[in-house]
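I opened this notebook page to record what I looked up in a single model. The sequence and coordinates come before my entries.

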Amino acid sequence: DKTGTQRLGKPAVGEIIPAPGHGEAERLQLASAVETSSNRPRDLGILARARAAGMWPGGAAAVTTVPGRGLRRVDADGEIWVGSHAFLAQSGVPVP
């Protein structure tokens with residue numbers, strides 16, 4: 001959310017919208033695990049939100065950056081996609 005960047009001078013998470021059947025904390029933990037290898041301002045906001053919630057994200061397995069769109073992590077447990085609503089929908093990820 002660029003609102004935090006514009007108002008506070010640093011990135012901030014405005015809202016987490018988890019898929020049905022998943023909790024906000026669970027999604028934040030997974031998203032922050034993907035973001036640990038990134039230095040994009042938006043990703044730093046996600047990491048800050050996770051740390052403020054007392055979470056310490058572990059390192060991600062294989063993370064692919066899709067420039068200007070988002071990130072994709074693949075490991076033995078499956079895939080995690082982090083990005084905009086449009087990016088997720090175009091990637092075939094069901095979005096609420």
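The entries below cover fold, burial, the core and one helix.

Entry 1, basis. I worked from a predicted model, in which local features need pLDDT of at least 70, side-chain atom pairs count only at pLDDT 80 or more, and totals for chains, interfaces and linings use all residues. I numbered residues from 1 along each chain as its sequence is written, and side-chain values use heavy atoms, with hydrogens and water left out.

Entry 2, fold. I found four helices and three strands in the chain, taken as DSSP runs (helices H or I, at least four residues; strands E, at least two) numbered from the N terminus. Their order from the N terminus is α-α-α-β-β-β-α.

Entry 3, burial. I noted that 25% of the 96 residues count as buried, meaning under 20% relative accessible area with a 1.4 Å probe, protein chains only.

Entry 4, core. I looked up the largest nonpolar core (buried Ala, Val, Leu, Ile, Met, Phe, Trp, Tyr and Cys residues joined through side-chain atoms within 4.5 Å). This core has ten residues: I16, L28, A31, V34, I46, A50, M55, L71, I80 and V82. At least two of them come from each of α2 (24-35), α3 (41-52) and β3 (78-83), and α2 gives the most, with three.

Entry 5, α3. I listed D43, G45, I46, L47 and A50 as buried in α3. Their cover includes α2, β2 (70-75) and β3. Just after α3, G54 takes a positive phi of about 80°.

Definitions and conventions. Buried < 20%, exposed > 50% of the residue type's maximum accessible area, 1.4 Å probe, protein only. Contact = heavy atoms within 4.5 Å.
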